[in-house]
Amino acid sequence: DPSVRDLVAEVRPDVVLHLAAQMSVAVSAREPLLDADINVVGTLNLLEGIRALESKTVKFVHFSSGGTVYGETTDLPADELTPVRPLSPYAASKLAVETYLPIYKQLCGLDHSVIRLGNVYGPRQDPHGEAGVVAIFAKAMLGKQPLKIFGTGTDERDYVYVDDVVEAVVKVTESSLAGPFNIGTGIGTNPNRIFEMLAELCDYEEEAVHVAPRAGDIEKIYLDVSKAKSELNWSPQISFENGLKTTVEWFRQQTD
């Protein structure tokens, strides 16, 4: 919505954490124009609002996608120097915004940083829709609902707990470094394993149904976070096992 420029003018923010997005890879494959309108044009509306502030210095943190911008790569775990090869319109739109930020640095002195996130999970995650396999599985299992896994379930992603992500965001916001910074764990985990772990935590005894893979999904990606460790003094603290336990407990409280 172009009126976001008026909101920026009214608020005159010191920091903008830009998380708003069309976040579904599958939707982007079906509707690439919609994806670009939201993720690229929408971001430009926001940046133009910041640019119009003129003398005001704003810290802008863009949340990009470590899970998609590298595409299919054998350089695993992928670090920030791994060639980017987007395979979906969603990945392309996230990467496109990254390329705009140095331009706005020249245009209006924008202080910016880029975070390339792994797959974030944890309490309060929306269990509806296509994203967020941990939330989707946990909610369904606690409700004894049937579950499906796309493809063979052997594809791997880097799952990072939300509290660790928040800590990274704080450190990036306080930094003058542009990045990009991978924020993940460096460990790949597949849906079959997640299903097994959550089934044990949720006392779920049904089997998953495997269905056709989704367009644009990547077979394997996990992230090297050495740069965030050395430049931001950040590293993930929550193990996947403990993160799943906390997440399941939160969802269980919502269903009691």
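## Sheet architecture

Two strands are taken to pair if DSSP finds at least two bridges between them. On that basis this predicted model contains an open sheet of four strands, in the order β1-β2-β3-β7, with parallel pairing. The edge strands are β1 and β7, each of which pairs on one side only. From one strand to the next, the twist averages 25°.

Strands of a sheet pair through backbone hydrogen bonds, in either a parallel or an antiparallel arrangement. Here β1 and β2 pair in the parallel sense over four bridges. β2 and β3 also pair in the parallel sense, over seven bridges. Between β2 and β3 the chain passes through helix α4 (residues 89-108), and this β-α-β crossover is right-handed. On the other side of β3, strand β7 (residues 181-183) runs parallel to β3 and is joined to it by three bridges.

## Register across the strands

Several residue pairs fix the register of the sheet in the text that follows. Between β1 and β2, Val16 stands opposite Phe60, and His18 stands opposite His62. Phe60 also has a counterpart in β3, where it stands opposite His112. The bridge partner of Lys59 in β3 is Asp111. At the β3 to β7 pairing, Leu117 stands opposite Ile183.

## Burial of the central strands

Seven of the seven residues of β2 are buried, so this strand is largely enclosed by the rest of the structure. In a regular strand the side chains alternate between the two faces of the sheet. In β2 both faces are covered: Lys59, Val61, Phe63 and Ser65 are buried on one side, and Phe60, His62 and Ser64 are buried on the other.

β3 is mostly covered, with six of its seven residues buried. Asp111 in β3 is partly exposed, at a relative accessible area of 22%. The threshold for buried is under 20% relative accessible area, so this residue falls outside that class.

## Salt bridges

Side chains of opposite charge can pair when their charged atoms come close. A search of the whole structure finds eight salt bridges; the pairs described here are Asp14 with Lys56, Lys59 with Asp111 and Lys171 with Glu167.

The side chains of Asp14 and Lys56 meet with an N to O distance of 2.6 Å. Asp14 lies in the loop between α1 (4-11) and β1 (15-18), and Lys56 lies in the loop between α3 (32-51) and β2 (59-65), so this pair ties together parts that are 42 residues apart in sequence. Asp14 is exposed, with a relative accessible area of 53%, while Lys56 is partly exposed at 21%.

Lys59 forms a salt bridge with Asp111, with the closest N and O atoms 3.6 Å apart. This pair links distant parts of the chain, Lys59 being in strand β2 and Asp111 in strand β3 (residues 111-117), 52 residues apart. Lys59 is buried, with a relative accessible area of 6%, whereas Asp111 is partly exposed at 22%. Lys59 and Asp111 are also bridge partners in the sheet.

Lys171 and Glu167 meet at 3.9 Å, N to O. Both residues lie in helix α6 (residues 162-173), four residues apart, which is about one turn of the helix. Lys171 is partly exposed, with 22% relative accessibility. Glu167 is likewise partly exposed, with a relative accessible area of 40%.

## Helix packing

Two packed helices are described by the angle between their axes and the distance between the axes. The axes of helix α5 (residues 133-142) and helix α9 (residues 240-255) come within 10 Å and cross at roughly 50°. α5 and α9 are therefore oblique to each other. The crossing of α5 past α9 is right-handed.

Key:
Residues numbered from 1 in each chain as written. Predicted model: local features only at pLDDT ≥ 70, side-chain atom pairs only at ≥ 80, totals over all residues. Heavy atoms only, no water. Salt bridge = Lys/Arg side-chain N within 4 Å of Asp/Glu carboxyl O. Helix = DSSP H or I, 4+ residues; strand = E, 2+ residues; numbered from the N terminus. Buried < 20%, exposed > 50% of the residue type's maximum accessible area, 1.4 Å probe, protein only. Right-handed = clockwise from strand over helix to strand, strands pointing away. Axes fitted to C-alpha atoms, helices over the stretch in contact; angles between N-to-C directions. Parallel < 35°, antiparallel > 145°, perpendicular 65-115°, else oblique. Left-handed = near helix turned anticlockwise from the far one by under 90°.
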